[in-house]
Amino acid sequence: MMTALITGAADAQEQKQANIIGAPDVKIENGVMTPEVLWAFGRIGNVCISPDGKRIAFTVTYYSIAENKGNAEIYVMDTNGAGKKQLTWTQAKENLLAWHPDGQRICFLRDGALWSIRPDDGKETQLSSISQPIEGYVLSPAGDKALFAINTKVESFKSVDIYSDLDKSEAFAYNDLMYRHWDTWADGNYSHLYIGSFNETQTIDKVEDLMPNEPYDTPTKPFGGMEEVAWHPDGQSLVYTCKKLKGKEYAFQTNSNLYHYDLTTKQTRLLTPGMYGYDRLPVFSPDGSKLLWLSMERAGFEADKERILIMDWPDGKFRDYSVQLDASPESLAWATDGKTVYLTAPFQEAHQIYRLTLKDGTFTRLTDGDHDYHGLQMAKDALIAVRTTSVCPAEIFRVDLKSGKEEELSFVNRDILAKLAKPTFEKRFITTTDGKQMVTWVIYPPGFDRNKKYPMLLMCTGGPQGVLGPSFSYRWNYMLMASQGYVVVAPARRGTSGSGQEWCDAISKNHGTQDEADLLAATDALSKEPWIDENRMGATGASYGGYSIFHLAGTHKGRFKAFLAHAGIFNMEMMYATTEEMFFETWEAGGAPWEKENPVALSSYAHSPHLLVRNWDTPIMITHGEQDFRVPYSQGMAAYNTAQMLGIESRILLFPSENHWILSPQNAIVWQREFFKWFDKHLKKDSGSPSK
């Protein structure tokens, strides 16, 4: 309910603006979570701390299923959780919050322009009046300038740009690779950094392109943000991340670099020559004497360990401070004294908060437990971060710097959670076929009764790398699955990134081997529990998890009664030739499918799921988005067509407007309803409670 965040004056304001999307009045029957309840949660985003470390600004987004869209508003509270209030009521979806260095204003983007609002009296001011829509920004340390990310036309690939007399044509023409990325066709526009200074009216009306005519993106596509740009504390220079490659070179390399731009000389210099993995997320120390960033060493491997590198600025040598940490860090935050760095990193598949002491390079883990921390920031005397669990959506927490004591601050979803019968979950360790101990998350239905038997869903994670933590997903939501009466089993099989780099590395060039044995080890271990009905087990997964489903369909030997694969890889040879980031498939498979003298590649492609279809005999459902360029939807069609031709009970669910994920509210609810309709049909004896 919004009442947890809105003052009396805000209630009056909301009544005046009744057409604005806010917290829905969702119907909850008997405490059961449904897809509609999932979409009623408020989603926290854009958390930022005031310069004095005493206040937190953040956004909360609510969705309207009927309108099929969401709306974000700005909130503020003290760093002890007191004084919560809502600051905006608009349909404009405010985003990308940042406190102005004066500490009196919160800046944000609205309709492609930079605005500010004073949290004390709510006064709003538009700060930019340029014609180009702004997609991101970073204020200078003194607040006298701002960097903007603005889409800029550099090349022409669209037919209407090439043939001006054919203004209704719809075609693209290319001569190189990387003509599409994630879900977008290359159209000749690139995200460039622009700089502008505030004039005497305290607005910015002129900007200058810092990357003129460069056919490159900063922030990097498709997921980079303004965290890839860092001002030096003196405000006279900046460092940014960019992958300055094109076409085939871009497709086959992970070589993003850091670049230093000097505002006085207007010169750009490369900071990371000879480093061919990803270099990203630059952060200057408070006094500007050091530059910290994350770096991957191995070229072409997007899931390599992220190293913490720190350079003496501007021309000193750098040191790797992450030797003692067998994990990839994120959310880096300098302490005010410049001698300590706080960060989040996974430990046994759960993101925890660490302290790095630069003097001796040691790491101290401050938090423990079955939760995920992200978005770490420094407050005056504490750390502020967003925390999730498998049964609780993101909320803002305060963590004591010394003791690690955790305190929830935001309570955005307290009212909804209080009405739900919550599942429980635990971390178990399963012994694998090669004698390793594997983290496995088990999520139990609400009111779990060990004397009953329950259907089981095996979750095959994607990636194939990535931390399998207790996160709260709005797509693959374990809480929702368990609330429908399923025991959900999610093994952190070989390849996940939260169990050390050796465990992560083990899956590359070995798809469908030990990782599948790990999935089956968890399946067999849980199926022996008296409360699991081994005759009612299903398996599901997306992306690489979809590959796992297609592969298991040919190897599972009757363990599962139904499968569901989303955006899965069915034919590895076809995948290699039709995806966009070629470095990924080249690294994972060890080469191209036509390299017949390459034993590693030959072994990889021999594990393509399409080669196992002669063994398929189990009902399977396939879902895919047509705008998915990472795993093209033809993969899902090929699997479905094959199942149909083999006479196997099958169903396909296609989304013409969705990409690798299903993002819009109504499409997501269709997906979730179809998901449970499919598994309920095949894994439940009736539509009631689990059988005794």
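Two strands pair if DSSP finds at least two bridges between them. Strands are DSSP runs of E with at least two residues, helices are runs of H or I with at least four, and both are numbered from the N terminus. By that rule, strand 28 and strand 29 (residues 392–400) run antiparallel and are joined by seven bridges. The model is predicted: local features need pLDDT of at least 70, side-chain atom pairs count only at pLDDT 80 or more, and totals for chains, interfaces and linings use all residues. Residues are numbered from 1 along each chain as its sequence is written, and side-chain values use heavy atoms, with hydrogens and water left out.

**Strand 28 and its partners**

- Eight of the eight residues of strand 28 (residues 382–389) are buried (under 20% relative accessible area, 1.4 Å probe, protein chains only), so the strand is largely enclosed by the rest of the structure.
- In a regular strand, side chains alternate between the two faces of the sheet.
- Ala 382, Ile 384, Val 386 and Thr 388 point one way from strand 28, while Leu 383, Ala 385, Arg 387 and Thr 389 point the other way.
- Strand 27 (residues 372–378) pairs with strand 28 in the antiparallel sense over five bridges, and Met 378 has Leu 383 as its bridge partner.
- Three residues separate strand 27 from strand 28 in a hairpin.
- Strand 28 and strand 29 form a hairpin with two residues between them; the bridge partner of Ala 385 in strand 29 is Phe 397.

**The four-stranded open sheet**

- The strand order is 9-10-13-14, with antiparallel pairing.
- Strand 9 (136–139) and strand 14 (208–209) stand at the edges with a single partner strand each, so one side of each has no neighbour in the sheet.
- Nine bridges link strand 10 (residues 145–153) to strand 13 (residues 189–197), where Ala 149 is matched with Leu 193.

**The second largest pocket**

- A pocket is an open set of 1 Å grid points where a 1.4 Å probe fits, with protein on both sides within 12 Å along at least five of seven lines; lining residues have an atom within 4 Å of a point.
- The second largest pocket holds about 580 Å³ of space.
- Its lining has 29 residues, and Met 178, His 181, Ala 186, Tyr 190 and Asp 217 lie nearest its centre.
- Strand 11, strand 12 (184–185), strand 13 and helix 4 (247–252) each supply at least two lining residues.

**Phe 172**

- Phe 172 sits in the loop between helix 3 (159–162) and strand 11 (180–181).
- Phe 172 is partly exposed (between 20% and 50%), with a relative accessible area of 39%.

Key. Grid points are joined across faces, edges and corners, and a volume is the space filled by probe spheres set on the points.
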